[in-house]
Amino acid sequence: MPEVIFAGPAGRLEGRYQPSKEKSAPIAIVLHPHPQFGGTMNNKIVYDLFYMFQKRDFTVLRFNFRGIGRSQGEFDHGTGELSDAAAALDWVQSLHPDSKSCWVAGYSFGSWIGMQLLMRRPEIEGFISVAPQPNTYDFSFLAPCPSSGLIIHGDADKVAPPKDVQGLVDKLHTQKGITITQKTLPGANHFFANDTEQLIQECADYLDRRLAGELADPRPKRLR
């Protein structure tokens, strides 16, 4: 798995990149948890999501947001990190111009950044949002949410309480033209201690069903 350094808005960004052998394979970007609370691209859940996409022949990138590892810059409360994510997608797309579609997966803080990226990039056709925090971060920008996806969280999460996540899901369920799938893992906390295997299995099952044409409303392709 190649280690890569690519240009970001605040300097170099460090990543791990696995290209598919297929020129037109879809792209997946995996975004890590909060940089100021120990989040890095080597987080176990981020690492496992990366390999989940790779096993399904996606071209995959995970990277460190600015100020983490060998990535340059300083933490920017989400604004700069969204720019980092956009630069990361630009970089992968420049290497894979024949790729027609993209997915974004994010965990905790990364899910907030991923959902914002989704709003700005019409080529993103699916998302996986692990333990989003609507109690901490404003998700009102999803008006409307443009793509179908999975929101997965634990019912023992004290960082992102289930009632807050449920409020976000209920709001998204009222929107037409997309299908939001929700999975709640019994007994799982925000860090999915002892539940990572089940988490990844649920994400993999969802992705496999999407790739088989399920769990998404047929919709016209958004223009790039």
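In this predicted model, the charged end of R62 sits over the ring of F50, 4.8 Å from the ring centre. So F50 is a good place to start looking at the aromatics, because at 0% relative accessibility F50 counts as buried.

F50 also has an aromatic partner: F50 and Y51 pair up edge-to-face. Y51 is a bit of a contrast in terms of solvent. With 24% relative accessibility, Y51 counts as partly exposed, because the cut-off for buried is under 20%.

A little further along the chain there's another pair, F53 with F58. Their planes sit at 65°, so this one is edge-to-face too, since planes over 60 degrees apart get that label. Both F53 and F58 are buried.

Here are the two pairs side by side:

| Pair | Centre to centre | Angle between planes | Geometry |
|---|---|---|---|
| F50 and Y51 | 5.3 Å | 70° | edge-to-face |
| F53 and F58 | 5.0 Å | 65° | edge-to-face |

Zooming out, how many aromatic pairs does the structure hold? The count is 16. There's also an aromatic cluster to look for: F6, Y17, F63, F65, F75, W91, F109, W112 and Y137 form one together.

Now for the annotation. The UniProt record, an unreviewed entry, lists residues 35–136 as "domain: AB hydrolase-1". What does the chain look like over residues 35–136? It's 40% helix and 18% strand there, and the C-alpha atoms at the two ends of that stretch are 15 Å apart.

Methods. Residues numbered from 1 in each chain as written. Predicted model: local features only at pLDDT ≥ 70, side-chain atom pairs only at ≥ 80, totals over all residues. Heavy atoms only, no water. UniProt positions renumbered as here; feature names shortened; annotations may be inferred. Helix = DSSP H or I, 4+ residues; strand = E, 2+ residues; numbered from the N terminus. Phe/Tyr/Trp six-rings, centres within 6.5 Å; stacked < 30°, edge-to-face > 60°. Buried < 20%, exposed > 50% of the residue type's maximum accessible area, 1.4 Å probe, protein only. Lys NZ or Arg CZ within 6 Å of the ring centre and 35° of its normal.
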